[in-house]
Amino acid sequence: MEVYYQLIRNTGHTVRYASTDKQVVLTHGYPIYLQIYGTNRSTDYILKDTFAFLATQYGNNIKLVNVDELEKK
């Protein structure tokens, strides 16, 4: 199962949006999994945390897909 995510880095924090629906992530709609991280959190940490949380919802057979990378193609 693909789970789409987007990371938005601002001064002081990083916002992570995630959903099984790509359009929900792109529009920051609902339902979405939203998490705010401090600037000291690395992208690797955020993705591992995202995977661990979503695995409890959908099982370990998920693939995280960055919507920003999809939009560049």
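Q: A helix here is a DSSP run of H or I with at least four residues, numbered from the N terminus. With that in mind, which residue follows α2, and what is the sign of its phi?
A: This is a predicted model, and in it α2 is followed by G59, whose phi is positive, near 90 degrees.

Q: How do you know that the length of α2 agrees with its number of residues?
A: Set the expected span against the model. The expected span is 1.5 Å times one less than the number of residues, so the 16 residues of α2 should span 22 Å. The end C-alpha atoms of α2 are 22 Å apart, which agrees.

Q: Which residues of α2 are buried, and how do you know on which side of the helix they lie?
A: The buried residues are I46, T50, L54 and A55. They cover an arc of only 165 degrees around the axis, so they lie on the same side of α2. As a general point, an α-helix has 3.6 residues a turn, so residues three or four places apart point the same way. K48 and T56 are exposed on the other side of α2.

Q: What do the buried residues of α2 pack against?
A: They pack against four strands: β1 (2–10), β2 (13–19), β3 and β4 (63–66).

Q: Why is T50 called buried?
A: Buried means under 20% relative accessible area; T50 has 0%, so T50 qualifies. Leaving aside neighbours within four places in sequence, T50 is in contact with R16, A18, Y37 and L64.

Q: What makes Y33 and F53 an edge-to-face pair?
A: Ring centres must lie within 6.5 Å, and planes over 60 degrees apart count as edge-to-face. Here the centres are 5.6 Å apart and the planes stand at 70 degrees, so both conditions hold. Y33 lies in strand β3 (residues 33–38) and F53 in helix α2 (residues 43–58), so the pair ties together parts that are 20 residues apart in sequence.

Q: Why are Y33 and F53 called partly exposed?
A: Partly exposed falls between under 20% (buried) and over 50% (exposed). Y33 has a relative accessible area of 22% and F53 has 40%, so both fall in that range. Ring pairs also link Y33, F53 and Y58 into a cluster.

Q: What makes Y37 and Y45 a pair, and of which kind?
A: Their centres are 6.3 Å apart and their planes are at 85 degrees, so this pair is edge-to-face. Y37 is buried at 5%, whereas Y45 is partly exposed at 34%.

Q: How do you know that a charge sits over the ring of Y45?
A: The test asks for CZ of Arg within 6 Å of the ring centre and within 35 degrees of the ring normal. The charged end of R41 sits over this ring, 4.2 Å from its centre.

Q: What makes β1 and β2 paired strands?
A: At least two bridges are needed, and β1 and β2 have seven, in the antiparallel sense. One of the bridge partnerships joins Q6 to Y17 in β2. The hairpin has two residues between the strands, and G12 in this hairpin takes a positive phi near 95 degrees.

Q: How do you know that β2 also pairs with β3?
A: Six bridges join these antiparallel strands; V15, for one, has I36 in β3 as bridge partner. β2 is mostly covered, with six of its seven residues buried.

How values were computed:
Residues are numbered from 1 along each chain as its sequence is written. This is a predicted model: local features need pLDDT of at least 70, side-chain atom pairs count only at pLDDT 80 or more; totals for chains, interfaces and linings use all residues. Side-chain values use heavy atoms; hydrogens and water are left out. Rings of Phe, Tyr and Trp (its six-membered ring) pair if their centres lie within 6.5 Å; planes under 30 degrees apart count as stacked, over 60 as edge-to-face and the rest as tilted. Buried means under 20% relative accessible area, exposed over 50%, partly exposed in between (1.4 Å probe, protein chains only). Contact means heavy atoms within 4.5 Å. The arc is that of the directions from the helix axis to the C-beta atoms.
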